[in-house]
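Reader: I should like to learn how the relation between two copies of a chain, and the surface they share, is read from a model. Please take me through it.

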Number of protein chains: 2
Amino acid sequence: MDQVKVIEIKKSVFADNEQDAENLRKELKSKGVYLLNLMSAPGSGKTTTLVKTLNHIKDKVRVAVMEADIDSDVDAVRIKLATGVPTIQLHTGGMCHLDAEMTRQGLDNVTLKDINLVILENVGNLVCPAEFDTGAVRNAMILSVPEGDDKPLKYPLMFTVCDLVLINKTDVMPYFDFDLERCKQNILMRNPKATIIPISAKTGEGIDAFADWLLNEVQNWKL
Amino acid sequence: MDQVKVIEIKKSVFADNEQDAENLRKELKSKGVYLLNLMSAPGSGKTTTLVKTLNHIKDKVRVAVMEADIDSDVDAVRIKLATGVPTIQLHTGGMCHLDAEMTRQGLDNVTLKDINLVILENVGNLVCPAEFDTGAVRNAMILSVPEGDDKPLKYPLMFTVCDLVLINKTDVMPYFDFDLERCKQNILMRNPKATIIPISAKTGEGIDAFADWLLNEVQNWKL
């Protein structure tokens, strides 16, 4: 099996994460690197979405992936095998989120001079990651149909801080009590400016729209 | 719409949660109250499972429910309406888990003299709640089929601390790449003593087995 580099992340000692995140964003801007922070609950399909999307964009942008998990490297290995994109695994040692300093520990292990886009797959958790600015240009999240259209009511901060919400697993919508319009309303109640894209990482539906959003972001971002 | 009592939980000040949890368990034992801590990722079907199970057991045991969420009271209202069981809503004010002292703040609002079983629906999160003993007799969790059979690999502590794992949404198994036997192996790797019950809260399959487990626990628990 393909090997991926595994980085054991250490707890941050910085008190002011917001300032640290701002500094990281500026550093990355000076290097021409766009960082996307991708969040979701466990099992929403982050990795499958990434595999499909990376294969769509890898010839158009120089991209790398940082996979954060409590344990295991199954996702990082899968992404590297399925896409060939440079991928490293971050282990949080039980920690429930990444902040800017922890993100930097990962980035120190990516050869940034060859890269324009880094996608950070955060720990699967709808609570804690929402509280910490990672230094990313944008926050994106995946909400999957089986989780239910009421999640923005219960996890308000996550939906408030995300610029993009992908609604994944639309292929199984007939088997669940999920109302797409109600879901969109619930998301927009938390963040009226959110971009919402329904996708099915399994069938590929909507992946082109996510890829277009991402490529446009990388080309046009300003601090 | 039916109203439920909403309790705003305050952060604990106790340093030694394990001792505090042990004390709470003894207090509850002296009152004849069995506490179950039910955990899962967001959207795994905790509330639907509870509704079905409560209607199965409410004539056999005097049960109350504490619903913990970051925000909203939709789940508590739904349980009260659908089962008539005494239910209160705990708001964690953004906190990602409950510890023993926070659980006690909820229990202070339940009329325990009429109750033999309290079910605590913890915050939807596979990371943080696993780290804190709530004072419950048992930890149970729900893993739903759409989340994937690999979750015990990525969230080791949650599966290690749970005595019971309900595998929910078995009715949609044909539409997902989910291997029940591999899932069971992954769970037992984390906790060889775990009881595993496949259920479908939607169709009711397996609810009787969970109800039997629960009634047997309440009748026979020892400290």
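Reader: Which residue of chain B comes closest to the rotation axis?

Author: In this predicted model, B:Asn125 holds that place, its C-alpha lying at 3.0 Å from the axis. The axis itself is found by superposition: a turn of 180° with a shift of 0.0 Å along the axis lays chain B on chain A, with an RMSD of 0.0 Å. The two copies are thus related as by a two-fold rotation axis.

Reader: Why is it said that the copies meet through the same surface?

Author: One compares the interface residues of the two chains. Here 100% of those in chain B are also interface residues in chain A, so the same surface is used by the copies. Each chain, B and A, brings 31 residues to the contact.

Reader: How much area is buried between chain B and chain A?

Author: About 2,500 Å² is buried, and carbon and sulfur atoms give 60% of this area. On the chain B side, the residues that lose the most area to chain A are B:Pro42, B:Lys154 and B:Tyr175, which together account for 23% of what that side buries.

Reader: How many salt bridges does the rule find across the interface?

Author: A salt bridge is read from the distance between side-chain nitrogen and carboxyl oxygen, with a cut-off of 4 Å. Four are found between chain B and chain A. One joins A:Lys154 to B:Asp75, at 2.7 Å from N to O. Among the helices of chain B, α3 (74–83) and α5 (151–154) each supply at least two residues to the side touching chain A, and α5(B) gives the most, with three residues. By class, that side of chain B has 16 nonpolar, five polar and 10 charged residues.

Conventions: Residues numbered from 1 in each chain as written. Chains lettered and ligands numbered in written order. Predicted model: local features only at pLDDT ≥ 70, side-chain atom pairs only at ≥ 80, totals over all residues. Heavy atoms only, no water. Least-squares fit on C-alpha atoms with pLDDT ≥ 70 in both. Contact = heavy atoms within 4.5 Å. Buried area = accessible area lost by both parts, 1.4 Å probe. Helix = DSSP H or I, 4+ residues; strand = E, 2+ residues; numbered from the N terminus. Nonpolar A, V, L, I, M, F, W, Y, C, P; charged D, E, K, R; others polar.
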